[in-house]
Amino acid sequence: MNLKFWAGLFLIAGLTCCGQGNNEEKATEEEESVETVLPTEEAEVQTETLRTIDFEHELVSNGRVSAQQVAELQFVSFSSGNVPVQIFVKNGDRVAAGASIAMLDTFQLSNSYRQAEDNLQKAHLELQDVLIGQGYSLADSASIPQDMLRLAYIRSGYNYAQIQYDLAKYNLDNATLKTPIAGTVANMFSKPHCAVDASTPFCTIIGEGKPEVDFRILENELPLIKTGDKVRIQSYASPDIESAGNIASINPSVDKEGTVRVKAYIQPHPKMFNGMNVRISVFRSLGKQWVVPKTAVVLRTGKQVVFVYKGGKAAWNYVDTGFENATHYSITSKTIQEGDEIIISGNEHLADGTNVKLIAD
């Protein structure tokens with residue numbers, strides 16, 4: 001009995017010592033973890049004074065650049081052997097209105113024109129013979145009854161000869177392809193002395209002047225834009241290629257996808273090509289508001305928080321944001337005041353009352 005008693009006593013003492021040891025280890029680990037979370041040095045932050053300024057709302061969309069004027073040039077007269085014998089321009093050349101672009105081989109066209117001219121002269125003589133047979137002269141056509149004169153033109157074949165002549169002259173005149181507008185040559189892939197596909201344009205002339213951008217916005221975004229609003233255009237392929245302009249028109253129709261087409265005119269850019277895909281930012285002033293950089297707003301417990309610098313400490317403030325653009329939010333709540341020093345950087349791990357130190361930009 002004495003042996004069992006002493007054995008149990010030693011077992012209890014051992015367990016007690018082990019428990020105390022584990023508690024001491026846990027306390028040490030907790031102390032170390034707290035030291036890891038809470039920095040021993042002041043957090044370095046930057047601030048910005050809260051001011052009431054004009055806030056520009058930004059609406060972002062995708063679109064495509066196009067010229068206001070585009071002319072697709074195409075030869076109107078093609079027959080066997082009519083191939084371009086000379087091309088005067090190349091892609092990228094700037095041309096004036098009326099400038100010659102290319103010329104067809106005119107041998108067959110000239111022959112057709114001369115033949116039509118000869119047939120017209122023969123028909124004219126035949127017309128005179130028909131009228132003389134009726135006791136009239138072509139010089140007295142004003143006194144000839146209209147029905148008789150019309151019949152004479154038909155019998156002589158003059159009307160048909162005149163149509164053939166006009167067609168031959170039109171084809172010969174248009175053997176030289178000319179541009180109706182000033183602009184830049186594009187999409188020219190034909191070569192001299194090679195057959196040309198009559199079903200496709202020979203080339204395109206991209207007109208001068210301000211390009212236009214066509215893009216779409218959602219139906220619920222309509223109240224946020226109006227004609228005249230400023231836009232900024234930026235190329236997706238080369239972000240350094242950008243331009244600015246204004247909204248020119250808003251199509252008063254919503255399509256089945258719930259979007260509305262908008263058109264804006266922008267300033268020309270030498271590297272912004274027709275058909276280029278671009279990012280469009282539409283700006284509209286919403287008047288005087290409190291505005292803070294997006295970096296100033298952080299999430300804490302699922303809510304938006306702004307830290308204010310007060311006497312070397314960070315003060316935690318819940319806020320409500322309104323509109324936004326690429327870099328800033330508008331603040332609609334009154335938890336902060338104008339003139340407060342808003343912490344805009346170094347706030348990722350701040351808590352309420354954290355010691356902070358201001359640093360220069």
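**Close-up 1. Lys 122 sits in helix α2.** This view, like those that follow, shows a predicted model. With a relative accessible area of 52%, Lys 122 is exposed; the cut-off for that class is over 50%. Its partner in this panel is Gly 157. The two residues are 35 apart along the chain, and their C-alpha atoms are separated by 9.2 Å.

**Close-up 2. Tyr 113 and Tyr 165 form a tilted aromatic pair.** The structure holds five aromatic pairs. In the pair of Tyr 113 and Tyr 165, the ring centres are 5.5 Å apart and the planes meet at 35°, a tilted arrangement. Tyr 113 belongs to helix α2 (residues 107–133) and Tyr 165 to helix α4 (residues 158–173). The pair links distant parts of the chain, 52 residues apart. Are these two tyrosines buried or exposed? Both Tyr 113 and Tyr 165 are buried.**Close-up 3. Phe 75 and Phe 202 pair edge-to-face.** The structure's five aromatic pairs include this one. Its ring centres lie 5.3 Å apart, with 70° between the planes. Phe 75 lies in the loop between β3 (70–73) and β4 (84–87), and Phe 202 in the loop between β8 and β9, so the pair ties together parts that are 127 residues apart in sequence. Both phenylalanines are buried. Gln 74 is found in the loop between β3 and β4 as well. Gln 74 is partly exposed, at a relative accessible area of 33%. How far apart are the C-alpha atoms of Gln 74 and Phe 202? They are separated by 5.1 Å, although the two residues are 128 apart along the chain.

**Close-up 4. The largest pocket holds about 480 Å³ of space.** The lining has 21 residues. Closest to the pocket centre are Thr 184, Ile 206, His 269, Met 272 and Phe 273. Three elements give two or more residues to the lining: β2 (52–66), β8 (183–186) and β9 (203–207). Which of the elements gives the most? That is β8, with four residues. By character, the lining divides into 10 nonpolar, eight polar and three charged residues.

**Close-up 5. Helix α3 has buried residues along one face.** This helix spans residues 146–156. Leu 149, Ala 152 and Ser 156 are buried there. Viewed down the axis of α3, the buried residues fall within an arc of 55°, so they line one face of the helix. What lies on the other side of α3? Gln 146, Asp 147, Arg 150, Ile 154 and Arg 155 are exposed there.

**Close-up 6. Phe 307, Trp 316 and Tyr 318 make up one aromatic cluster.** Tyr 318 also has a lysine over its face: Lys 303, at 5.3 Å from the ring centre. Phe 307 has a distant partner in sequence, Asp 352. The C-alpha atoms of Asp 352 and Phe 307 are 8.0 Å apart in space, while the residues are 45 apart in sequence. Asp 352 sits in the loop between β20 (341–345) and β21 (356–358). Its relative accessible area is 55%, and Asp 352 is exposed.

**Close-up 7. Lys 294 places its charged end over the ring of Tyr 329.** The distance from that charged end to the ring centre is 5.4 Å. Compare this view with the lysine of the previous panel, where Lys 303 lies over the face of Tyr 318.

**Close-up 8. His 193 has a positive phi without being a glycine.** Its phi is near 65°. His 193 is placed in the loop between β8 and β9. Is this histidine buried or exposed? With 59% relative accessibility, His 193 counts as exposed.

**Close-up 9. Thr 301 has a positive phi of about 50°.** Thr 301 is not a glycine. Where does Thr 301 lie? The residue is in the loop between β15 (297–300) and β16 (303–310). Thr 301 counts as exposed, at 68% relative accessibility.

Methods
Residues numbered from 1 in each chain as written. Predicted model: local features only at pLDDT ≥ 70, side-chain atom pairs only at ≥ 80, totals over all residues. Heavy atoms only, no water. 1 Å grid on protein atoms, 1.4 Å probe; cavity = no way out; pocket = protein on both sides within 12 Å on 5 of 7 lines; lining within 4 Å. Points joined across faces, edges and corners; volume = space filled by probe spheres on them. Nonpolar A, V, L, I, M, F, W, Y, C, P; charged D, E, K, R; others polar. Phe/Tyr/Trp six-rings, centres within 6.5 Å; stacked < 30°, edge-to-face > 60°. Buried < 20%, exposed > 50% of the residue type's maximum accessible area, 1.4 Å probe, protein only. Lys NZ or Arg CZ within 6 Å of the ring centre and 35° of its normal. Arc of directions from axis to C-beta.
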